[in-house]
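This report describes a protein model and the surroundings of its ligand. The ligand site is treated before the overall fold.

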Amino acid sequence: MIRLRPDLAALPAYKQGRIPDTTERVFKLSSNESPHGPLPSVVDAIAAAAAEVNRYPEAAASALADAVAQRHGLTPEHVVFGGGSVESVSQVIRAVAGPGDEVVYAWRSFEAYPLLVVGAGATPVPVPLTEDGRHDLSALRAAITDRTRLVILCTPNNPTGPAIAPSELADFVASIPDDVAVLIDEAYLHFQRGLDADPGVALLRRHPNVIVAHTFSKAHGLAGLRVGYALADPQVAETLRKVAMPFAVTTLAQVAALASLAAQDELDERVRGIVAERTRVTDALAADGWRLPDSQTNFIWFGLGEDTLAANEVFARHGLIVRAFPGEGLRVTIAEPEASEAILAAAAELAASGLTNGLRAGERAQA
Ligand SMILES: *Cc1c(COP(=O)(O)O)cnc(C)c1O
């Protein structure tokens with residue numbers, strides 16, 4: 001038997017949201033995917049490129065880099081692609097941290113962070129979220145030591161939903177030593193309302209230690225193709241390219257992402273639809289007394305604590321596959337209007353059977 005690294009044995013494996021078997025009539029609300037199939041122009045681009053897959057992809061993805069750079073008012077030198085932005089996060093971690101180095105992030109947040117940090121041989125420093133599912137920025141700042149090489153901020157946060165206010169984000173970055181990297185993971189940025197600028201990119205312009213990660217998997221609905229990117233100071237970006245998985249972004253992913261950027265109006269319409277659905281669901285839940293974190297994403301979070309697994313069964317009975325974090329809560333993707341109806345029906349059943357962990361007004365949390 002080969003000697004596997006002992007630090008990996010203790011690490012829980014990444015769990016994919018359950019994939020429904022095809023005979024069930026269910027809504028898969030466990031992976032924050034778009035309920036929409038790809039736009040017709042995206043399908044056409046993929047189909048046209050299918051005839052060329054005997055060739056390696058263009059490693060630099062230069063047409064896509066130009067389009068992404070233009071979108072953000074940056075240069076292609078700022079853009080580094082990954083096989084999904086989970087690879088971008090991995091590139092950043094491996095570019096700055098190794099054995100003996102610490103990576104600070106809020107917890108609970110994106111499940112991949114601890115896996116990628118430990119995978120890089122570095123030490124994870126998780127910092128608990130506040131009661132209302134927000135980043136505790138002063139605690140994160142206090143967790144930074146001489147060993148800290150990177151702070152990861154997930155805004156809006158997966159799985160709880162709130163975003164860090166741009167002014168607080170700016171104050172936080174300004175208060176961090178400039179030799180510590182700050183990775184701002186904006187996977188759900190499209191769903192965030194009330195912004196007049198892209199908060200991560202605005203900070204990157206002023207602070208070369210800021211790196212921003214975006215993905216085509218969520219709002220663009222291209223999760224199955226695997227393409228995301230980091231935006232970074234060109235010197236930092238050059239190092240990210242050195243640790244990138246060669247050819248991770250396939251030709252099909254490149255042309256699809258390019259076509260999706262070109263169809264911005266149709267995409268915005270879809271995002272508006274999801275946000276409207278989110279508003280409808282959260283308003284109805286609030287009217288029924290539920291006090292949930294403020295979601296700026298395409299999902300909502302029920303912090304059901306010890307009631308989580310029982311509540312998961314209730315959602316399943318309503319035909320909903322959701323993401324359960326035992327002992328903590330349930331994350332439920334906002335998707336089709338029919339799924340929203342089922343979410344509201346399941347929540348009403350939770351309320352009626354007392355599976356609420358004190359989350360509804362007038363109730364008290366379990367001791
Ligand atoms: C989904 C997600 C990502 C990236 O997903 P990819 O499919 O790898 O692009 C990154 N960060 C967070 C917080 C996410 O939820």
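A polar contact is a pair of N or O atoms within 3.5 Å. The model discussed here is predicted.

**Ligand site**

By that criterion, the side chain of Thr215 makes a polar contact with the ligand, an N or O atom of this side chain being 2.5 Å from a ligand oxygen atom. Tyr188 and Arg226 also place polar side-chain atoms beside ligand oxygen atoms, at 2.6 Å for Tyr188 and 2.7 Å for Arg226. The protein buries 94% of the 380 Å² that the ligand exposes when taken alone.

| Residue | Distance from a polar side-chain atom to a ligand oxygen atom |
|---|---|
| Thr215 | 2.5 Å |
| Tyr188 | 2.6 Å |
| Arg226 | 2.7 Å |

The ligand is surrounded by 13 residues, of which Ser85, Tyr188, Thr215, Ser217 and Lys218 come nearest. Sorted by class, this shell comprises 5 nonpolar, 5 polar and 3 charged residues.

**Overall fold**

The protein contains 13 helices and 12 strands. Its radius of gyration is 21 Å, close to the 21 Å that the globule rule gives for 367 residues, and the protein is therefore as compact as a globular protein of that length. The C-alpha trace spans about 55 × 55 × 50 Å along its principal axes.

Of the 367 residues, 52% count as buried. The protein exposes about 16600 Å², and carbon and sulfur atoms supply 55% of that area. Among contacts between residues at least 6 apart in sequence, 72% join residues at least 24 apart.

Key:
Residues numbered from 1 in each chain as written. Predicted model: local features only at pLDDT ≥ 70, side-chain atom pairs only at ≥ 80, totals over all residues. Heavy atoms only, no water. Near = heavy atom within 4 Å. Polar contact = N/O pair within 3.5 Å; in protein donor to acceptor, adjacent residues only side chain to side chain. Areas by Shrake-Rupley, 256 points an atom, 1.4 Å probe, with all protein chains shown as cover. Nonpolar A, V, L, I, M, F, W, Y, C, P; charged D, E, K, R; others polar. Helix = DSSP H or I, 4+ residues; strand = E, 2+ residues; numbered from the N terminus. Rg over C-alpha atoms; globule rule 2.2 N^0.38 Å. Buried < 20%, exposed > 50% of the residue type's maximum accessible area, 1.4 Å probe, protein only. Contact = heavy atoms within 4.5 Å.
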